[in-house]
Amino acid sequence: MTAVAPASFRTCPTTGLRVHSQADLLIKAHAVAATVSLLVGGIAAVLVLLTRWQLIHLLPADWFYRVLTVHGMSMLIFFIIFFEMAVLYFAGPVVLNCRVPAPWLAWIAFALMAGGALLVEWMMWAGRADVLFTSYPPLRADPLFYLGIILFAVGALVATGQFFAALVVAKRERTYEGSVPLVTFGAATAAIIAVITLLHGAAVYIPTFLWSLGLMNMDPEVYRLIWWGLGHSSQQINVAAMVSIWYLLGALTIGSVVLNEKISRTAFVLYVLFISMASAHHLLVDPGFSPAWKVWNTSYAMYLAVLASMVHGFTVPAGMEAGMRLRGYTKGLFEWLRRAPWGDPGFSALVFSVIIFGFLGGITGVTFGTEQINIIAHNTFRIPGHFHATVVGGTALAFMGVTYYVIPLIFRKQVAFWPLARIQPYLFAAGMALFSSAMMFAGTFGVPRRHYDISFADAPFDVQLSPAVDVIIGAMAVGGLLASVGGAIYIVVTVWSVFLGKRLPVPATAATLARGYGIPGGVLNPPKPLPPGDVDHRGLSKGTIVLVAVFLVAFIAYYFVNWKLLSAVWRVG
Amino acid sequence: MNSGLQSPRGIWWKPAGKAERVWVQIAFAWCIVLFAMMPLWHFKGSQNPAGIRGKVDPGAFARRTEEFVAAYRVGEENGMAIVEPPAGADVYLLGRMWSWEPILRLRKGVQYTLHLSSVDVNHGFSLSPVNLNFQVVPGYDYGLRITPTAAGDFRIVCNEFCGINHHAMVGRVIVIDDAAAPRGAP
């Protein structure tokens with residue numbers, strides 16, 4: 001083993017973690033790239049929304065589909081994956097107190113990702129890739145579009161490798177004692193799923209690149225199968241990363257505890273084992289696959305990944321409840337929730353993320369992903385309604401919440417426009433909840449997704465959708481605009497804080513902060529440490545039991561209502 | 001107890017508390033119900049996406065559609081054939097950029113085998129306002145045994161992006177009820 005170059009470290013005054021300067025820089029670079037992607041995707045989102053809102057119908061058809069392509073790629077690939085790489089540099093080197101294993105390689109990975117993203121953006125805005133996010137052949141884009149995605153994926157794969165290497169380095173250099181923390185364990189499952197996902201990406205985009213050059217043939221159904229191994233599995237990286245951030249935010253904001261490491265970690269392992277089967281969710285009403293294949297794969301074997309999410313849906317709030325109860329908030333069922341720091345944007349974002357992901361995203365996702373119920377959901381507005389609840393209301397909101405902690409803890413800055421930052425999660429959550437609920441409701445009337453004009457003005461036959469649809473789309477637009485305001489506040493706050501804002505004073509107290517600036521309560525007054533050792537579990541999760549009971553009833557009701565709806569349509573088999 | 005940010009010391013593989021254990025059991029039982037419903041509906045339900053699935057050359061599918069139109073043609077609207085197949089017939093519906101061909105006239109309560117395919121890119125068969133959706137993939141023949149359960153004048157909206165005029169791709173299905181007055185007939 002060659003000598004390791006002396007690395008420069010600082011000690012975080014809040015968490016006590018030793019942070020490698022390269023980890024600091026890499027997290028900053030990825031966070032900035034993620035925010036730029038979010039800005040591009042967000043502008044596209046508003047343009048798409050104002051076009052689908054028939055009252056305004058802003059863009060012409062070609063620009064609608066172009067901007068929709070930009071929205072999908074910028075958000076679902078660039079924003080999310082840049083942010084997740086930042087999460088991996090945090091959960092690896094920072095949480096484990098170790099150095100970044102090979103900074104030069106990490107920067108090459110970042111350059112590949114950034115270069116690939118720029119190439120793809122160029123192709124899309126130039127109108128050379130009007131193929132939407134899925135780019136189903138035989139629709140054809142410029143070969144450089146596929147090349148850009150390949151470069152991005154290779155970069156992300158190398159960056160993920162840095163995380164795995166950090167696990168080895170930390171173990172060998174003994175930078176932590178005992179087992180890795182749960183947050184790192186969860187991030188490791190996200191990283192494993194990322195490898196699975198990115199390999200699917202290579203398996204589908206390298207042949208597609210060759211096909212676009214005229215060098216080989218491409219079966220449209222095989223493409224759909226493998227592409228969704230990328231397209232859906234990449235959303236499962238989000239799930240694993242988001243759940244890790246739930247545990248992280250719980251720990252930072254109110255001192256959540258892990259009730260049982262075995263349960264939480266086993267649930268993460270279930271994600272790794274089963275969640276990548278979800279490619280099938282997109283192929284349930286396709287001609288290429290048998291019912292047995294569809295049933296087995298769409299259910300992740302036997303809903304074992306759903307089981308994992310339901311477990312986290314218990315352990316995350318129960319860990320929060322126990323953390324609060326052990327610090328004295330023991331009255332009744334919900335004092336721990338009532339007296340929680342609702343003015344801390346990290347906390348409110350965490351709670352709304354859990355609720356929107358579970359109630360709006362999770363329940364609907366399982367229901368629409370049922371083989372037969374998919375007949376009344378496939379490619380309707382129900383589908384984007386579902387995944388805006390999971391990816392935006394769930395994942396993106398959790399990422400936003402953790403950003404308010406990243407700004408002081410990693411960037412060493414105060415959070416600018418603090419009063420706005422405090423209400424940002426409320427605006428964003430309310431907007432996304434309304435937006436995605438209305439979108440799903442419109443979908444039950446057969447409103448198609450990815451469609452320029454549901455007034456069907458240019459169609460050879462008139463199409464009469466239910467008159468309720470106009471009203472529902474109006475509600476969707478209001479929700480979408482509200483969420484856009486929330487998104488814009490997030491971008492302004494983060495960009496201002498990081499580039500124009502004030503440094504974090506030492507020591508950081510309420511008195512030393514600049515006017516209009518703030519930092520989250522978890523940084524200002526970290527939750528007081530609990531005595532080590534086991535405690536009696538009884539009564540620690542009373543409130544959570546009520547919450548998950550409500551969830552289960554909602555789940556059962558929604559699921560069977562959809563079977564009822566299905567039984568009313570034409571007989572088909 | 002440690003937080004999610006702290007390393008657990010020693011052996012953490014310990015029995016869970018009662019609340020967690022019971023929740024895992026309830027959740028698992030619910031997952032089994034979710035799973036069982038799908039095979040059950042194949043036996044007891046009337047809506048399944050099974051169908052007759054096979055590969056087909058796009059040119060061959062287009063020829064079958066032409067033969068089908070020639071055999072059962074009953075009229076024309078806006079230059080597009082209206083086709084009224086007999087009960088139990090193999091019905092062909094062809095998606096292409098940016099139309100569904102031909103116009104179909106079916107009977108309520110009668111079963112047909114509806115073959116869906118495309119000659120160019122992916123399309124989406126979405127029967128409006130019933131909200132019945134299937135993916136239409138070039139090179140693949142999806143033969144669905146369908147039985148209209150209501151009379152009326154229906155539309156087929158394309159709900160898979162298929163190019164610049166995707167939003168104008170609308171077809172028509174007329175379902176007539178022999179028992180009732182011939183409303184809905186063109």
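**View 1. Strands S2 and S3 of chain B form an antiparallel pair in this predicted model.** Strand S2(B) covers residues 73-77 and strand S3(B) covers residues 80-83, and 4 bridges link the two. Within this pairing, Arg73(B) lies opposite Val83(B) of S3(B). The hairpin that these strands make has 2 residues between them. Asn78(B), in this hairpin, adopts a positive phi near 50°.

**View 2. Strand S3 of chain B also pairs with strand S6 of chain B.** Here the sense is parallel, and 2 bridges connect S3(B) to S6(B), residues 103-107. Val83(B) has Leu104(B) as its bridge partner in S6(B). Val83(B) is also the residue that faces Arg73(B) in the hairpin of the preceding view.

**View 3. A strand of chain A pairs with a strand of chain B.** Strand S3 of chain A, residues 571-572, runs antiparallel to S10(B) and is joined to S10(B) by 2 bridges. In one of these strands, S10(B), Ile146(B) is the bridge partner of Val572(A).

**View 4. The interface of chain B and chain A involves many residues of both chains.** On the chain B side 87 residues are in contact, and on the chain A side 110. Together the two chains bury about 8,700 Å², of which 67% is on carbon and sulfur atoms. Met1(B), Trp23(B) and His167(B) lose the most area to chain A among the residues of chain B, and these three account together for 11% of what that side buries.

**View 5. Salt bridges and polar contacts cross the interface of chain B and chain A.** There are 4 salt bridges across the interface. One salt bridge links Glu160(B) to Arg450(A), with the closest N and O atoms 3.5 Å apart. Polar contacts between the two chains amount to 42 residue pairs. Several elements of chain B each supply at least two residues of the side that touches chain A, including helix H1 (18-44), strand S8 (123-128) and strand S10 (140-147). H1(B) gives the most, with 18 residues. By character, the residues on this side of chain B comprise 49 nonpolar, 26 polar and 12 charged.

**View 6. Model confidence varies between the elements of chain A.** The mean pLDDT of chain A is 93, and 99% of its residues reach 70 or more. Confidence is lowest in strand S1 of chain A (residues 9-11), where the mean is 88, and highest in helix H14 of chain A (residues 418-443), at 98.

Note on methods
Residues are numbered from 1 along each chain as its sequence is written. Chains are lettered from A and ligands numbered from 1 in the order in which they are written. This is a predicted model: local features need pLDDT of at least 70, side-chain atom pairs count only at pLDDT 80 or more; totals for chains, interfaces and linings use all residues. Side-chain values use heavy atoms; hydrogens and water are left out. pLDDT is the predictor's confidence in each residue, from 0 to 100. Helices (H or I, at least four residues) and strands (E, at least two) are DSSP runs, numbered from the N terminus. Contact means heavy atoms within 4.5 Å. Buried area is the accessible area (1.4 Å probe) that two parts lose on being put together, summed over both. A salt bridge is a side-chain nitrogen of Lys or Arg within 4 Å of a carboxyl oxygen of Asp or Glu. A polar contact is a pair of N or O atoms within 3.5 Å; within protein, one must be able to donate a hydrogen and the other to accept it, and residues adjacent in sequence count only if both atoms are side-chain atoms. Ala, Val, Leu, Ile, Met, Phe, Trp, Tyr, Cys and Pro count as nonpolar, Asp, Glu, Lys and Arg as charged, and the others, Gly among them, as polar. Two strands pair if DSSP finds at least two bridges between them.
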